[in-house]
Amino acid sequence: MDPHSTGDLFSDEALQQPARREQIGEQSYVLRGYALPWLERVLPELRAVLAQSPFRHMVTPGGFTMSAALSSCGELGWTTTTQGYRYSPLDPERQQPWPGMPPILRELAIDAASAAGFDAFAPDACLINRYVPGARMSLHQDKNERNYNAPVVSVSLGLPAVFLFGGHQRSDKTQKISLFHGDVAVWGGVDRLRYHGVQPIKPGVHPRMGPQRINLTFRTAG
Ligand SMILES: O=C(O)CCC(=O)C(=O)O
């Protein structure tokens, strides 16, 4: 490799700061930059998953088309139709199993969960959300999993987002937390059912990921 190439100088690894753990709830953390050293191995696998099960816009039970486009990998994938929300072993567009969860993605999720105090995380679902500028995720609780013992591990890539982290009632006050490329948010235990969402993504172009934000959320669903 050309040692003078700026590609090398400005790689995610070169820019990496020592990971900082910010507590955002009793059992919730943002691990700043945690995913950066993993990305050389994660991004090609993510691309391969998306080549198999491309992003699509799903419709909520209320009849609204979600602004975030979705895909999944793992044994189960989260889906929404006018009939309701559920986890399915099949990609409904292809009527085929979702792509397997690449080992490097699983490893990153398990490692981040452990860094946030949740050992023995065994994710079986990785939801992949793609936000273009203007796309958002309204406040919701993650309640379609069979039980709530496992945390949610959420990896941010690309454009920054303002993550809304609320309480156990929709009307509770929300914290506004900026999430950047490579940050990992983890919430579980007493915080597992807290409302959360994402404000509309501001226009921009991320040097590595382009004009989009991609979020990976790992859960134990089945
Ligand atoms: O994109 C995010 O940061 C959060 C995604 C989310 O709330 C979800 O998938 O349930």
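**From an exposed alanine to two sheets**

Ala120 is exposed, because only 9 other C-beta atoms lie within 10 Å of its own; by the rule used here, a residue is exposed if 12 or fewer other C-beta atoms lie within 10 Å of its own, buried if there are 20 or more, and partly exposed in between, with C-beta atoms placed from the backbone. The model is a predicted one, in which local features need pLDDT of at least 70 and side-chain atom pairs count only at pLDDT 80 or more, while totals for chains, interfaces and linings use all residues. Residues are numbered from 1 along each chain as its sequence is written.

Ala120 sits in the loop between α4 and β8, where helices (H or I, at least four residues) and strands (E, at least two) are DSSP runs numbered from the N terminus. Although Ala120 is not a glycine, its phi is positive, at about 60°. Most residues other than glycine have a negative phi. Gln95 also has a positive phi without being a glycine, in this case near 55°, and it lies in the loop between β6 (90-91) and β7 (96-97). Gln95 counts as exposed because it has 7 C-beta neighbours inside 10 Å.

From these loops the reader can turn to the sheets. Seven strands form an open sheet in the order β1-β2-β13-β10-β15-β8-β3, with antiparallel pairing; two strands are taken to pair if DSSP finds at least two bridges between them. The edges of this sheet are β1 (20-25) and β3 (69-74), each of which pairs on one side only. On average, neighbouring strands here are turned by 20° against each other, with direction ignored; such angles are taken between axes, which are lines fitted to C-alpha atoms (for helices over the stretch in contact), and angles between N-to-C directions run from 0 to 180 degrees.

At one edge, β1 and β2 form a hairpin with 2 residues between them, and 5 bridges join these antiparallel strands. Within this pairing, Glu22 has Val30 of β2 as its bridge partner. β2 is also joined to β13 by 4 bridges, again in the antiparallel sense, and there Ser28 stands opposite Trp187 in β13. Of the 5 residues of β2, 4 are buried, so this strand is largely enclosed by the rest of the structure. At the other edge, β3 pairs with β8 over 6 antiparallel bridges, and Ser72 stands opposite Leu127 in β8.

The helix α4 lies across β1, β2, β8, β10, β13 and β15, running at about 115° to β10. What does the largest nonpolar core draw on? Two or more residues come from each of β2 (28-32), α3 (39-52), α4 (103-115), β8 (125-131), β10 (152-158), β11, β13 (184-187) and β15 (213-219). A nonpolar core is a set of buried Ala, Val, Leu, Ile, Met, Phe, Trp, Tyr and Cys residues joined through C-beta atoms within 7 Å. This core has 51 residues, of which Ala112, Cys126, Val153, Val184 and Val186 touch the most other members. In soluble globular proteins, nonpolar side chains tend to be buried together. Leaving out residues up to four places away in sequence, Val186 touches several residues, among them Tyr29, Leu31, Ala112, Phe118 and Val153, where contact requires that the two C-beta atoms, placed from the backbone, lie within 7 Å.

A second open sheet consists of 4 strands in the order β9-β14-β11-β12, and its pairing is antiparallel. Its edge strands are β9 (137-140) and β12 (175-179), each pairing on one side only, and its neighbouring strands are turned by 20° against each other on average when direction is ignored. Between β11 (residues 161-165) and β12 there are 5 bridges in the antiparallel sense, and Phe163 has Ile177 of β12 as its bridge partner.

Beyond β14 (196-198), His206 is placed in the loop that leads to β15. Is His206 buried, exposed or partly exposed? It counts as partly exposed, because it has 16 C-beta neighbours inside 10 Å. Apart from its neighbours within four places in sequence, His206 is in contact with Gly158, Leu159 and His181. The C-alpha atoms of His206 and Gly158 are separated by 5.4 Å, although these residues are 48 residues apart along the chain.

Finally, an unreviewed UniProt entry annotates residues 122-222 as "domain: Fe2OG dioxygenase"; UniProt positions are given in the numbering used here, with feature names shortened, and annotations may be inferred rather than shown by experiment. Over residues 122-222 the chain is 0% helix and 42% strand, and the end C-alpha atoms are 10 Å apart.
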